[in-house]
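Biologist: Before we discuss anything, could you put the sequence and the structure on the screen, and then take my questions one by one?

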Amino acid sequence: MNTIVLVATLAAALCACSAQYVPPSEAQRAAILSEQRYLAGDGTFGAAYSQEDGVEFKEESDVDGNRRGSYSYVDPSGQRRTVTYTAGKDGFRATGDHLPVAPNPPPQVPPQPQYQPQPQYNPPPQYNPPAPAYNPPAPAYNPPAPAYNPPAPAYRPPAPQYNPAPAPQYNYQPQAQYNAIPQYTTTPAPHRFYPPGKLSLSRTPDGFSYTFNKS
């Protein structure tokens with residue numbers, strides 16, 4: 001239902017205006033003649049709008065996230081150019097009468113492997129010499145420990161007394177506090193908004209529908 005309303009509204013807007021070429025410097029100030037947007041509960045959405053400079057756009061998506069749409073404009077020669085496109089898991093594909101068509105790519109010849117067998121490596125045998133069979137006996141002589149323990153000295157000099165120097169005294173003088181004056185900036189007025197017209201917005205728990213038509 002939303003699709004039928006969207007297409008019907010866009011068709012009415014196309015019939016009501018006669019598009020002509022507008023230079024890019026003036027196209028930035030082109031007014032919006034009509035606009036429609038919707039979001040359904042299943043995740044599908046759509047959008048369409050038309051401008052007074054002849055630019056038209058519409059797009060819809062399905063539950064899988066694939067998009068289908070088109071846009072058109074008036075070129076400097078006065079002819080309307082329309083591009084239809086699809087976007088999804090297969091990428092972006094656009095078609096139009098004025099778009100160049102790429103030639104078919106030449107067939108690709110699979111490369112042939114250039115494998116050359118290498119000579120096998122045979123390492124020489126490793127030489128492991130036998131371990132020596134002679135184990136000399138450990139020495140049996142253990143010299144006795146010295147029995148002389150000299151006595152500890154009995155004289156202990158007194159520890160020096162430490163007199164710390166007095167801590168320096170500081171005279172603290174509080175400084176005057178600086179109270180900065182807060183600066184407030186107001187939001188500038190919008191440069192351009194929608195022209196006078198009829199706007200309708202309806203919301204649902206899981207979507208919305210929005211339409212605008214210039215009066």
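What follows is a conversation about this predicted model, in questions and answers.

Biologist: Which helices and strands make up the secondary structure of the protein, and in what order do the elements run from the N terminus on?

Modeller: The secondary structure comes to two helices and eight strands. Read from the N terminus on, the order of these elements is α-α-β-β-β-β-β-β-β-β.

Biologist: What is the order of the strands in the open sheet?

Modeller: The open sheet has eight strands, and their pairing is antiparallel. Neighbouring strands of this sheet are turned by 10° against each other on average, with direction ignored. From one side to the other, the strand order is β6-β5-β4-β3-β2-β1-β8-β7.

Biologist: Which strands stand at the edges of the sheet?

Modeller: In the open sheet of eight strands, the order begins with β6 and ends with β7. Each of these has a single partner strand, so one side of each is left without a neighbour in the sheet, and the strands at the edges are therefore β6 (91-95) and β7 (197-204).

Biologist: How many of the five residues of β6 are buried?

Modeller: A residue counts as buried when its relative accessible area is under 20%. Strand β6 lies largely in the open, because the number of its five residues that are buried is zero.

Biologist: How many bridges join β5 to β6?

Modeller: The two strands form a hairpin with two residues between them. Within this pairing, T86 stands opposite R93 in β6, and the bridge partner of A87 in β6 is F92. Strand β5 (residues 80-88) runs antiparallel to β6, and the number of bridges that join them is five.

Biologist: Moving one strand further, which residue in β5 is the bridge partner of S72?

Modeller: Strands β4 and β5 run antiparallel and are joined by eight bridges. They form a hairpin with five residues between them, and G78 in the turn has a positive phi of about 90°. For S72, the bridge partner in β5 is T82.

Biologist: Which residue in β4 does E59 stand opposite?

Modeller: Strand β3 (residues 56-61) and strand β4 (residues 67-74) run antiparallel, and six bridges join them. In β4, the residue opposite E59 is G69.

Biologist: What kind of aromatic pair do Y71 and Y85 form?

Modeller: By the ring-centre rule, with a limit of 6.5 Å, the count comes to three aromatic pairs. In the pair of Y71 and Y85, the centres are 6.4 Å apart and the planes stand at 45°. Y71 lies in strand β4 and Y85 in strand β5, so this pair ties together parts that are 14 residues apart in sequence. Planes under 30 degrees apart would count as stacked and over 60 as edge-to-face, and the pair is classed as tilted.

Biologist: Which residues do the ring pairs link into a cluster, including the partner of A87 in β6?

Modeller: F92 is the bridge partner of A87 in β6. Ring pairs link this residue with two tyrosines, and the cluster consists of Y71, Y85 and F92.

Biologist: Is Y85 buried or exposed?

Modeller: Y71, with 36% relative accessibility, counts as partly exposed. For Y85 the relative accessible area is 7%, which means that Y85 is buried.

Biologist: What share of the 215 residues in the protein do buried residues make up?

Modeller: The accessible surface of the whole protein comes to about 19600 Å², and 57% of that belongs to carbon and sulfur atoms. Counted over the 215 residues, the share of buried residues is 15%.

Methods. Residues are numbered from 1 along each chain as its sequence is written. This is a predicted model: local features need pLDDT of at least 70, side-chain atom pairs count only at pLDDT 80 or more; totals for chains, interfaces and linings use all residues. Side-chain values use heavy atoms; hydrogens and water are left out. Two strands pair if DSSP finds at least two bridges between them. Helices (H or I, at least four residues) and strands (E, at least two) are DSSP runs, numbered from the N terminus. Axes are lines fitted to C-alpha atoms, for helices over the stretch in contact, and angles run from 0 to 180 degrees between N-to-C directions. Buried means under 20% relative accessible area, exposed over 50%, partly exposed in between (1.4 Å probe, protein chains only). Rings of Phe, Tyr and Trp (its six-membered ring) pair if their centres lie within 6.5 Å; planes under 30 degrees apart count as stacked, over 60 as edge-to-face and the rest as tilted. Accessible areas come from the Shrake-Rupley method with a 1.4 Å probe; for residues, only the protein chains shown count as cover.
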